Amino acid sequence: MKELLGKVDEPGIIDCSCLLKGKDVIVSSFSKSKRNHETIAKQTFSYLFLNVAKQKTKHDEAHLEIGEQRLSGFLLKPGLVLVCLSDKNLNITKVRSHIQHIKHLILQSEVDKMLA
Amino acid sequence: MTMTDYKVLFTGSVCSGKTTAIRSLSDIETVDTDARVSDSAIRRKKKTTIAMDYGVLDLSETARLHLYGTPGQERFKFMWELMMSDLVHDAEGLVLLVDNTRNDPFKDIRFYVEEFRDFIVRRRLIIAVTHSDEQADPDHEYYMGELKAMGLFTTVIFIDARDPSSVLKIVKELVGHREKNIDWKGLGQRLEVNSTMPRIEVEGDQEKEPLAVSEDEPVSLLDAALNTRGITGAIHLGSDRKVLSSNVSNKQNKDLLRSMVNLVSALETKASFMGSIEDLVLCGPQQETLSVFVEEEQALGLCSEKDLSINVVKQQAVDLLQWSQR
């Protein structure tokens, strides 16, 4: 699983990432010094996408800019969110296109197997 | 005798002084395409450039400078691209006008440098800071330090767009090394007629400036938001994050925005040690984008069309909050 996040993390784009299943982090590349960001991301995106589900809308992407960083959450499938940490000054479209590129890889490989 | 023609492109946020700077320098009556403001800038001025500004400055008998100005609003971005690829593809440089009264002038710099990145790569970039008479900080030294940290090694000049001799500093920086025969002093004197600096009227021993403030009706933040292309609803929040006014009609959007505001309030309390929260955005391919932009004194929730880029929404929110007068 950790190798999968290796494909997500990209120098200059994504500093680190994690996968949320419900309210739990199932795999993470956040370092100890970034653990607070991981906690905030967990609370933020689980709460947000829970509300999205309640409202039955199709929002599947969220971004929170806090301090000098940006936390992005991508809803891969109901209950499964990919979280990425990047510099807040980085163009958001770069983060988005990078994730779009590997989103299917993640879904089609180990994550699907593990959730099966 | 052959004439050398130079071109320069002026860009920058709404109200940064592009049109004024070109008028200050031009030997001809400038061509401008002003129309009544129809977006967030309405809170600050009633007319804005919708296509481009154009002026000409005769530098000497053998050199001429063509002055082009972009519209400031991002919704006229197609004009930026059109100008870069056609009219000014052979320009000497780009002058980025930065309004020093903006809450975060460096955010504007990052935005425009990103938008004009390909254009700047092959040309000279000059950052011209305006409105420093209203807001002195950040100063020149601070700009240089911040730009260095951003990896931008460029020239920063503080100017008053209304004063031709001040704007002329940009021209000197741009073409002075190529054109050695320009009589800069004479040029400055010739352009003095273009000055729009406020005149000091002397009455007895007292000096006073004439009032130049528009007495037009103030426009509310929500009206300005709804006047902005692509924005479909807005919520204005106070420093306590309680709703001051709202015009979001869609119930789902209203509920989601409310939950986003609640989340931001909670994070501001619990995660303040990680730095301030700037914004929270929620989007999807088939949904309107919902965003909350946070400042200490106020916050703004926006619903925007899904095709409007997040960067543009952010810039509009910055404009709306900047000129908000609660």
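Strands here are DSSP runs of E at least two residues long, numbered from the N terminus. The model in these views is predicted.

**View 1. H63(A) sits in strand β3 of chain A.** That strand covers residues 61-66. Is H63(A) buried or exposed? Its relative accessible area is just 1%, and buried means under 20%, so H63(A) counts as buried. The side chain of H63(A) also makes a polar contact of 2.7 Å with the side chain of E61(A). Leaving aside residues up to four places away in sequence, H63(A) touches R70(A), L71(A), S72(A), F74(A) and I92(A) in chain A, plus D279(B), L280(B), V281(B) and I310(B) in chain B.

**View 2. L71(A) is one of the residues touching the most other members of the largest nonpolar core.** The others named with L71(A) are F45(A), V83(A) and L282(B), in a core of 38 residues. Which element gives this core its largest share? It's helix α9 of chain B (residues 251-270), which puts in 7 residues. Zoom in on L71(A) and you'll find contacts with F30(A), H37(A), I40(A), A41(A), F45(A), A62(A), H63(A), L64(A), I66(A), V83(A), C84(A) and L85(A), again skipping residues up to four places away in sequence. There's another core apart from this one, with 29 residues, including Y68(B), F116(B), V129(B) and Y143(B).

**View 3. Six strands of chain B line up in an open sheet.** Read across, the order is β4-β5-β1-β6-β7-β8, and the pairing is mixed. Why do β4 (53-58) and β8 (155-158) of chain B each have a side without a neighbour in the sheet? They stand at the edges with a single partner strand each, so one side of each stays unpaired. From one strand to the next, the twist averages 25 degrees.

**View 4. At one edge of that sheet, β4(B) runs antiparallel to β5(B).** The two are joined by 6 bridges, with β5(B) spanning residues 63-69. To pick out one pairing, look for V56(B), whose bridge partner in β5(B) is H66(B). Helix α1 of chain B (residues 18-25) lies across β1 (4-12), β4, β5 and β6 (93-99) of that chain, at about 30 degrees to β4(B).

**View 5. Zooming back out, chain B has 10 helices and 15 strands.** Of its 326 residues, 53% are buried. Take the chain B contacts between residues at least 6 apart in sequence: 66% of them join residues at least 24 apart. The accessible surface of chain B is about 15700 Å², with 48% belonging to carbon and sulfur atoms.

Technical notes: Residues numbered from 1 in each chain as written. Chains lettered and ligands numbered in written order. Predicted model: local features only at pLDDT ≥ 70, side-chain atom pairs only at ≥ 80, totals over all residues. Heavy atoms only, no water. Core = buried A, V, L, I, M, F, W, Y, C linked by side-chain atoms within 4.5 Å. Buried < 20%, exposed > 50% of the residue type's maximum accessible area, 1.4 Å probe, protein only. Helix = DSSP H or I, 4+ residues; strand = E, 2+ residues; numbered from the N terminus. Contact = heavy atoms within 4.5 Å. Polar contact = N/O pair within 3.5 Å; in protein donor to acceptor, adjacent residues only side chain to side chain. Pairing = 2+ DSSP bridges. Axes fitted to C-alpha atoms, helices over the stretch in contact; angles between N-to-C directions. Areas by Shrake-Rupley, 256 points an atom, 1.4 Å probe, with all protein chains shown as cover.
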